[in-house]
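Let's take a quick stroll through this model, one region at a time. Keep the viewer open as you read.

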Amino acid sequence: MNTLAKLRLHDLAPEQDDFLSAVLDGLGRPHKTLPCKFFYDETGSALFDAICDQPEYYPTRTELGILAAAASEIADLAGRGGALVEYGSGSSLKTRLLLDALVPAIYMPIDISREHMLAACHTLAQDYPALHLMAVCADYTRPFRLPQTAPQNRRLAFFPGSSIGNFAPLEALRFLKQVAQQLSGGDGLLIGVDLKKDPAVLNAAYNDAAGVTAAFNLNLLTRCNRELDADFDLDGFAHRAFYNAAAGRVEMHIESQREQTATVAGHAFTFAAGETIHTENSYKYEPDEFQRLAGQAGFELQRTWTDPGRLFGVLYLRRR
Ligand code: AVJ
C-alpha cells in the first residue's frame, strides 16, 4: 500500500524568524540576549540529541520511563481511537509509546520545520499503516488554527520534554490558553514538566562533564559566524549555566572571557570581560505551581505521574 495516501500536510506557512535581525536586536540590548530557538540548526539538533544521552541530563530518560509505566492509564483517561495532537514533531520514542497505547485514528504533529516533520511522518506512516497523519506546519508559539477533525475524535494534546520550560510564566499561560482553545470540553492535555529540585542536580544537568551542553550553547556563535558573516572568536567565550532560585529557572549564558569586539554583518559589538549573552531560560515548577497556571488557562488536573526521585512530572489535565 502507498503509505503516503494517509499523510496530509496542512501548511499554515509560518513566517520563518529572521536570524540576522534577531541577533542584531539581541546583541544591541544593554543585557545581551539571543533567542534559544536558534539553537536548533543541523549541528544544534544533533547536539541536543547528544545532551539527552548524557548521564547528568535526567529529563529525557526520566520522562520516557514515566510515560512507559503510565501509558495504559493515560489511554484510559484520554480514551482510545481519537486524535493525538503533538506540539512539536514526533519522531521520538515518546510519540510511539502513546501511539501504541492510544491507537489513535489521527496523529497531528505541529512543527515549524516542515521537512523535519515530514521525514518523521513518512517513517511513522510505514510503521503505523492504519494511522491518518495530519501534519500541521505552524509556529505554535503564535496564534494559529488547527484543522478540523471529526467531532467524535476526542483530542489529546501532548507537549513533552518540558518544552514549556522555555516560556516565561506569562508566555506559558498564553500558550496553554491557546491549547485550551484548540480542544473541546473534556479533551485532555498530557504535558511533561521539569520539577524544582536540589540545585546541584540542575546545575549538573546543564553542565555535563563531557561538555556537550557547552558545545550546544556555543554553537550559536559558530552559527553566527557561518550564516551571518560574524567573527566571534570561539576561544574567547565560555558556557555558563546555573539555577536561579529566585526566578525558578536554569539560565544559560555565553560569557566573554575578556574585553573584546565582534562584528556581525558589519555591525560591531563590544563585550566587557565577564559580560554575558543570555541564551536560554528553562523554568522549573512545583507540581501545584503548574497546576495553578494550567487552572488559569482552563484546565483541571486529573492525574500526576512522577519518578521515585520526583525529578520530573507528567500531568494529565482535562479541558473544562
Ligand atoms: C528542550 C527546552 C526542554 O530546557 O532542558 C537542554 C533544552 N538546554 N540543555 C531544557 C536544553 C540545555 C531543554 N528543552
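## Helix H4 and its surroundings

Valine 103 comes right after H4 and has a positive phi, near 40°. Bear in mind that this is a predicted model. The helix itself, H4, covers residues 93-102, and its buried residues are Lys94, Thr95, Leu98, Leu99, Ala101 and Leu102. What do the buried residues of H4 pack against? Their partners are helices H3 and H5 along with strands E2, E3, E5 and E6. Here they are with their ranges:

| Element packed against by buried residues of H4 | Residues |
|---|---|
| helix H3 | 59-78 |
| strand E2 | 83-87 |
| strand E3 | 106-111 |
| helix H5 | 114-127 |
| strand E5 | 155-159 |
| strand E6 | 188-194 |

Now for a pocket. The second largest one holds about 580 Å³ of space. Its lining is made up of 26 residues, and Leu146, Gln178, Gln181, Gln182 and Leu183 sit nearest the centre. Helix H6 (residues 169-181) supplies the largest share of that lining, with six residues. Sorted by class, the lining of this pocket has ten nonpolar, eight polar and eight charged residues.

On to a sheet. Three strands in the order E7-E8-E11 form an open sheet with antiparallel pairing. Strands E7 (237-244) and E11 (276-283) are the edges: each has a single partner strand, so one side of each has no neighbour in the sheet. On average, neighbouring strands here are turned by 20° against each other, direction ignored. E7 and E8 (residues 249-256) run antiparallel and are joined by eight bridges. Alanine 238 stands opposite glutamate 255 in E8.

Methods. Residues numbered from 1 in each chain as written. Predicted model: local features only at pLDDT ≥ 70, side-chain atom pairs only at ≥ 80, totals over all residues. Heavy atoms only, no water. Pairing = 2+ DSSP bridges. Helix = DSSP H or I, 4+ residues; strand = E, 2+ residues; numbered from the N terminus. Axes fitted to C-alpha atoms, helices over the stretch in contact; angles between N-to-C directions. 1 Å grid on protein atoms, 1.4 Å probe; cavity = no way out; pocket = protein on both sides within 12 Å on 5 of 7 lines; lining within 4 Å. Points joined across faces, edges and corners; volume = space filled by probe spheres on them. Nonpolar A, V, L, I, M, F, W, Y, C, P; charged D, E, K, R; others polar. Buried < 20%, exposed > 50% of the residue type's maximum accessible area, 1.4 Å probe, protein only. Contact = heavy atoms within 4.5 Å.
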